[in-house]
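Reader: I'm new to reading protein models, and I'd like a close look at one part of this one. Could you walk me through the greasy patch on the surface and then show me how it fits with the rest?

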Amino acid sequence: MKALTRRRIVVWLVALVIAVVAGASVALAQTRLGGKIQAGDEIVVASGETIDGDLYASGGRVRVDGTVDGDLVVAAGQLTVDGEVTGDVIASAGTVDIGGEVLGDARIAAGQVSVSGTIEEDLFVASGQARIAASGEVGEDLVFGNGRMTMDGSVGGDVLGATGNYDRQGTVAGEENVTIGQDEEEAPTAGDRILDAVQALIGILVVAALFMWLAPKLAVEPADTLRQRPLAALGVGFLALIGFGLLIALIFLVAVLVVIVLALVGLSSLLGAVVFASLVAVVLLAFLFFLVAAFGAPAWTGLSIASGMTDSDSSGRRWAALIIGVVLVVAVSSIPIVGGWIGFVVLLFGLGTLVLTYRPRRAAVQPAVE
């Protein structure tokens with residue numbers, strides 16, 4: 001009971017620290033950066049107004065009629081640039097309309113993009129629809145991935161992109177390499193499915209055999225847990241899958257908050273270490289998840305099923321159960337249509353089994369001595 005209470009206290013303290021750091025980061029940003037970070041329903045840089053340095057804006061609508069003497073970073077429903085940005089424009093929005101002048105690059109992800117002004121350097125755009133109007137100019141390269149691309153203006157460099165529909169009436173000074181539409185993928189044949197299943201079977205058996213030989217407990221104990229508590233493993237696996245996604249998001253959130261605080265207090269030399277550490281943590285977690293999903297879950301599930309059939313703890317029977325069980329799991333997971341769902345259930349079994357087998361054990365409660 002005391003251990004459970006301590007864990008709750010730790011969880012609340014961690015949540016409190018994150019909340020305090022987030023609040024302090026926002027407060028420091030607004031105080032130290034002199035309004036360079038702005039948020040609201042509507043953010044306007046009026047005509048004749050100049051923002052010295054970068055502007056970070058988040059809101060329903062962001063409009064720049066004046067000058068941003070630096071980079072413009074926006075997350076909004078709508079962005080309109082009719083003024084001037086001396087640096088780069090980095091935007092994620094529902095609609096983006098650039099009718100003014102951007103002296104640097106423009107990197108845009110939006111539902112709809114329109115450029116009727118000038119972008120002196122490169123334009124990178126990912127959107128549902130994008131249009132370079134007849135008056136629009138891109139000084140260097142245009143790179144895009146869109147559902148529909150209309151290019152009536154001019155590009156001073158190369159054009160590289162992929163789109164479902166490409167309409168070009170404008171001019172391109174450099175090379176043009178645009179992929180239009182996607183070739184329909186041929187349905188896999190029975191031979192393809194068999195080959196994929198054999199490759200998966202060999203990979204799982206090789207990895208499982210190594211664990212069975214070098215660390216047999218890592219193969220046997222989870223399989224025994226799954227055989228004894230299959231429903232609990234399924235439910236815990238679903239929760240573990242959600243928890244994995246939340247953990248990845250939490251790592252990135254904490255890393256961003258720490259980076260902001262370090263930048264504000266002048267410890268920019270540590271920013272690289274923080275970013276590197278967070279990336280290493282995410283890559284390590286992703287690798288462990290891959291091992292469980294690709295090898296651990298099928299091996300534990302197959303061994304659990306086949307061991308239940310043989311009902312023997314001898315070493316030879318376990319090896320036979322491993323081979324038979326993995327063959328069975330790979331075979332049913334390769335069935336068209338339903339095989340994907342079966343594979344997903346096997347993944348949940350694997351995650352839940354891992355948690356149930358290796359979760360921290362609570363210390364046994366000693367009876368009171370009278």
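Author: Let's start with a term: helices (H or I, at least four residues) and strands (E, at least two) are DSSP runs, numbered from the N terminus. With that in hand, you can place Ile202, which is found in helix α2. Keep in mind that this is a predicted model: local features need pLDDT of at least 70, side-chain atom pairs count only at pLDDT 80 or more, and totals for chains, interfaces and linings use all residues. Residues are numbered from 1 along each chain as its sequence is written, and side-chain values use heavy atoms, with hydrogens and water left out.

Now for your patch. Ile194, Val198, Ile202, Val206, Leu210, Trp213, Leu214 and Trp319 make a nonpolar surface patch of about 830 Å². Patches are made of residues with over 30% relative accessible area and no salt bridge (a side-chain nitrogen of Lys or Arg within 4 Å of a carboxyl oxygen of Asp or Glu). Like charges are joined within 9 Å, nonpolar side chains (Val, Leu, Ile, Met, Phe, Trp, Tyr) within 5 Å. Areas come from the Shrake-Rupley method with a 1.4 Å probe; for residues, only the protein chains shown count as cover. Helix α2 (residues 190–214) gives the patch its largest share, 7 residues.

What about helix α3 (residues 216–228)? Its 13 residues reach 18 Å from first C-alpha to last, close to the 18 Å expected at 1.5 Å a residue (the expected span is 1.5 Å times one less than the number of residues). Its buried residues include Ala219, Val220 and Leu226; buried means under 20% relative accessible area, exposed over 50%, partly exposed in between (1.4 Å probe, protein chains only).

Aromatic rings are worth a peek too: the structure holds 3 aromatic pairs. Rings of Phe, Tyr and Trp (its six-membered ring) pair if their centres lie within 6.5 Å; planes under 30 degrees apart count as stacked, over 60 as edge-to-face and the rest as tilted. Phe144 and Tyr166 are one stacked pair, 5.9 Å centre to centre with 25° between the planes. That pair ties strand β13 (residues 142–151), home of Phe144, to strand β15 (residues 159–168), home of Tyr166, across 22 residues. Both Phe144 and Tyr166 are buried.

Zooming out, the protein chain comes to 7 helices and 17 strands, and buried residues make up 32% of its 370 residues. The chain exposes about 20,900 Å², with carbon and sulfur atoms supplying 65% of it.
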